[in-house]
Amino acid sequence: MTVDAGLVDLILLLVLLEAAALLGWRAIRGGGIAAPDLLFNLLAGAALLLALRGALAGAGDGWMAGALSLALVMHGADLWRRWNPRG
């Protein structure tokens, strides 16, 4: 089985729709996951997907390093917020 960059694009679109739906739910109904917590978590995953997309499309080392660095920073921010609820 092969995976092409187009499939990763579709998954990234689904992540974007998930973020919009959850933030919309929060705005309309109140409650749910706090926006920063949600965004840090989803951005970490999306950055990993961008790195995968880059690998599948033959992107250069700079692209891969940037995407993985973004994933690391977003993951660190997510963990920091979980350990420091007032953060």
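**Salt bridges and helix packing in a three-helix chain**

The side chains of D78 and R82 meet in a salt bridge, with 3.1 Å from N to O. The model that shows this pair is a predicted one. D78 and R82 both belong to helix α3, and because they are 4 residues apart there, about one helical turn separates them. The two partners sit in unlike surroundings: D78 is buried, with a relative accessible area of 6%, and under 20% is the range that counts as buried. R82, at 55% relative accessibility, counts as exposed, since the exposed class begins over 50%.

It helps to place this pair in the fold as a whole. The chain has 3 helices and 0 strands, and reading along the sequence gives the pattern α-α-α. Helix α1 covers residues 5-29, while α2 spans 35-57 and α3 spans 61-83. Taken along the principal axes, the box filled by the C-alpha atoms of the chain is roughly 40 × 25 × 20 Å. Of the 87 residues, 22% count as buried. Among contacts in the chain with a separation of 6 or more, 56% come from residues 24 or more positions apart.

A search of the whole structure turns up 3 salt bridges. Besides the pair within α3, one of them joins R53 to D9, with the closest N and O atoms 2.4 Å apart. Here the link reaches between distant parts of the chain, as R53 is in helix α2 and D9 in helix α1, 44 residues apart. R53 is partly exposed, its relative accessible area being 26%, and D9 is likewise partly exposed, with a value of 32%.

Another salt bridge is formed by D37 and R81, whose closest N and O atoms lie 2.8 Å apart. Because D37 lies in helix α2 and R81 in helix α3, this pair ties together parts that are 44 residues apart in sequence. D37 counts as partly exposed at 24% relative accessibility, whereas R81 is buried, with a relative accessible area of 17%. The value for R81 falls in the buried class because that class takes in residues under 20%.

What, then, of the helices that these pairs connect? Two packed helices are described by the angle between their axes and the distance between the axes. For α2 and α3, the axes come within 8 Å and cross at roughly 160°. The two helices are therefore roughly antiparallel, as angles over 145 degrees are classed that way. In passing α3, α2 makes a left-handed crossing. On the α2 side, the residues that meet α3 are P36, D37, F40, N41, L43, A44, A47, L48, L50, A51, G54 and A55. Their counterparts in α3 are W63, M64, A67, L68, L70, A71, M74, H75, A77, D78, R81 and R82. By class, this contact has 17 nonpolar, 3 polar and 4 charged residues. The lists include both partners of the D37 and R81 salt bridge, and D78 and R82 appear in them too.

Turning to the other pairing, the axes of α1 and α2 come within 9 Å and cross at roughly 170°. These helices are therefore also roughly antiparallel to each other. From α1, the contact is made by A5, V8, D9, I11, L12, V15, E18, A19, L22, L23 and R26. From α2, the residues are A35, L38, L39, L42, A46, L49, L50, L52, R53, L56 and A57. The class count for this contact is 18 nonpolar, no polar and 4 charged residues. D9 and R53, partners in a salt bridge, are both among the residues making this contact. L50 of α2 is listed in the contact with α1 and again in the contact with α3.

Two further residues fill in the picture. L17 has its place in helix α1 and is partly exposed, with a relative accessible area of 48%. L17 and L39 are 22 residues apart in sequence, and their C-alpha atoms are 12 Å apart in space. L39 is one of the α2 residues in the contact with α1. G60, in turn, lies in the loop between α2 and α3 and counts as partly exposed at 41% relative accessibility. The C-alpha atoms of G60 and L79 are separated by 29 Å, with their positions 19 residues apart along the chain.

Conventions: Residues are numbered from 1 along each chain as its sequence is written. This is a predicted model: local features need pLDDT of at least 70, side-chain atom pairs count only at pLDDT 80 or more; totals for chains, interfaces and linings use all residues. Side-chain values use heavy atoms; hydrogens and water are left out. Buried means under 20% relative accessible area, exposed over 50%, partly exposed in between (1.4 Å probe, protein chains only). A salt bridge is a side-chain nitrogen of Lys or Arg within 4 Å of a carboxyl oxygen of Asp or Glu. Axes are lines fitted to C-alpha atoms, for helices over the stretch in contact, and angles run from 0 to 180 degrees between N-to-C directions. Angles under 35 degrees count as roughly parallel, over 145 as roughly antiparallel, 65 to 115 as roughly perpendicular and the rest as oblique. A crossing is left-handed if the near helix is turned anticlockwise from the far one by less than a right angle, and right-handed if clockwise. Contact means heavy atoms within 4.5 Å. Ala, Val, Leu, Ile, Met, Phe, Trp, Tyr, Cys and Pro count as nonpolar, Asp, Glu, Lys and Arg as charged, and the others, Gly among them, as polar.
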